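Hi everyone, thanks for making time for this. I'd like to walk you through a structure that will be new to most of you, so please have a look at it while I talk.

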Amino acid sequence: DSSRISLTVAARTKAGSLPRCVSKTNQDIFLVEKNFDKSKYLFAVADGHGQNGHLVSQFIKLNLKSNWFANLDSIENAWKLYNHLEYKIDSALREGIINMSENLDETHIDCGLSGSTLVTVTIIGNNISCANVGDSRAVMGSLINGIFVSKALTVDQKPDLQTEKDRILKKGGKVHPYIDDRGHSNGPSRVWLQTDDIPGLAMSRSIGDKVARRVGVIPDPGSFIK
């Protein structure tokens, strides 16, 4: 019963670190829209990366809701006519995320080698869905026999997932870890151009990252978890 939902929201975030870097800009943002339109809730986290990642994540915070609602409003009548509420909610959010990515391309923000993840949880009435772009993760905690048990609601979109890797290779990219001067592999699998050692992106989907988009990195959240 959505009328009985009680929310307590807390957030904690910390800037990352780089070798020989005294301080690093915190590129994380979170967005919470509680009880708008009586029974609708939106939660989102974006984790920027690259030199301008903080600008990309801030752009997401300022534009996600308006892009989603623009599509939500346009199909309001369809909700009343057809019994496909969950599909319409997810379709509107997916289209909103893709539109937001296209709008980002029109700004002054240099997204060549910068971008952000995005993970969302929406509650509309009794319908809950979760979507992600990249490798930020939504987790649900359930109280079972007096003990909280966690369950991942999203799958990290990494380059070594077979379906993701196939798309990147088909677009002419490469997928392998960073290779050091001695030829040793280091760290997770990353996305690279065929002829240049860039961008080295450790995810297969993101908002921004124009260089990586040339070889199959996309802003599409894909499937939604219920």
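Let's start at Asn145, which is exposed, with a relative accessible area of 77%. You'll find Asn145 in the loop between β6 and β7. Its phi is positive, about 55 degrees, although Asn145 is not a glycine. For background, most residues other than glycine have a negative phi. And please keep in mind that what you see is a predicted model.

Now, where does Asp209, another residue with a positive phi, lie? Asp209 sits in the loop between β11 and α5, and its phi is near 50 degrees. Is Asp209 buried or exposed? Asp209 is buried, with a relative accessible area of 2%.

Back to the stretch around β6 for a moment. Ile144 belongs to strand β6, which covers residues 139-144. With a relative accessible area of 44%, Ile144 counts as partly exposed. Together with Ile147 and Val149, Ile144 makes a nonpolar patch on the surface, and the accessible area of the three comes to about 260 Å².

Let me zoom out to the chain as a whole. The protein chain has five helices and eleven strands. It has 226 residues, and 41% of them count as buried. The accessible surface is about 13,200 Å², and 50% of that belongs to carbon and sulfur atoms. If you take the contacts between residues at least 6 apart in sequence, 54% of them join residues at least 24 apart.

Next, a sheet. Three strands form an open sheet in the order β8-β9-β10, and their pairing is antiparallel. Which strands stand at the edges? They are β8, residues 174-179, and β10, residues 199-201; each has a single partner strand, so one side of each is left without a neighbour in the sheet. On average, neighbouring strands here are turned by 50 degrees against each other, with direction ignored.

Look at β8 and β9 in particular: β9 covers residues 185-192, and the two strands pair over five bridges. One bridge to pick out has Ile179 on one side and Ser185, in β9, on the other. Lying across β8 and β9 is helix α4, residues 162-170, which runs at about 100 degrees to β8.

On β10, have a look at Pro199, which is found in that strand. The peptide bond between Ile198 and Pro199 is cis, with omega at about -5 degrees. As a general point, most peptide bonds are trans.

Now for the charged pairs. Side chains of opposite charge can pair when their charged atoms come close. How many salt bridges does the structure hold? There are seven.

I'll start with Lys65 and Glu33, whose closest N and O atoms are 3.5 Å apart. Lys65 is in helix α1, residues 53-74, while Glu33 is in strand β1, residues 28-36, so this salt bridge ties together parts that are 32 residues apart in sequence. Lys65 itself is partly exposed, at 30% relative accessibility.

Then there is Arg205 with Glu164, where the closest N and O atoms are 2.9 Å apart. Here Arg205 comes from the loop between β10 and β11, and Glu164 from helix α4, with their places 41 residues apart in sequence. Both ends are buried: Arg205 has 12% relative accessibility, and Glu164 has 6%. Arg167 joins Glu164 and Arg205 in a network of salt bridges.

My last pair is Asp220 and Arg94, which meet at 2.5 Å, N to O. Asp220 is in the segment after α5 and Arg94 is in helix α3, residues 85-105, so far along the chain that the two are 126 residues apart. Asp220 is buried at 15% relative accessibility, whereas Arg94 is partly exposed at 35%.

We'll finish in that segment after α5, with Pro219. Which residues does Pro219 touch, leaving out those up to four places away in sequence? The answer is Ile97, Ser101, Val133, Ser206 and Ile207. Take Ser101: Pro219 is 118 residues away from Ser101 in sequence, yet their C-alpha atoms are 6.8 Å apart in space. At 14% relative accessibility, Pro219 counts as buried.

That's my tour, and I'm happy to take questions.

How values were computed
Residues numbered from 1 in each chain as written. Predicted model: local features only at pLDDT ≥ 70, side-chain atom pairs only at ≥ 80, totals over all residues. Heavy atoms only, no water. Helix = DSSP H or I, 4+ residues; strand = E, 2+ residues; numbered from the N terminus. Buried < 20%, exposed > 50% of the residue type's maximum accessible area, 1.4 Å probe, protein only. Contact = heavy atoms within 4.5 Å. Areas by Shrake-Rupley, 256 points an atom, 1.4 Å probe, with all protein chains shown as cover. Pairing = 2+ DSSP bridges. Axes fitted to C-alpha atoms, helices over the stretch in contact; angles between N-to-C directions. Patch = residues over 30% accessible without salt bridge, like charges linked within 9 Å, V, L, I, M, F, W, Y side chains within 5 Å. Salt bridge = Lys/Arg side-chain N within 4 Å of Asp/Glu carboxyl O.
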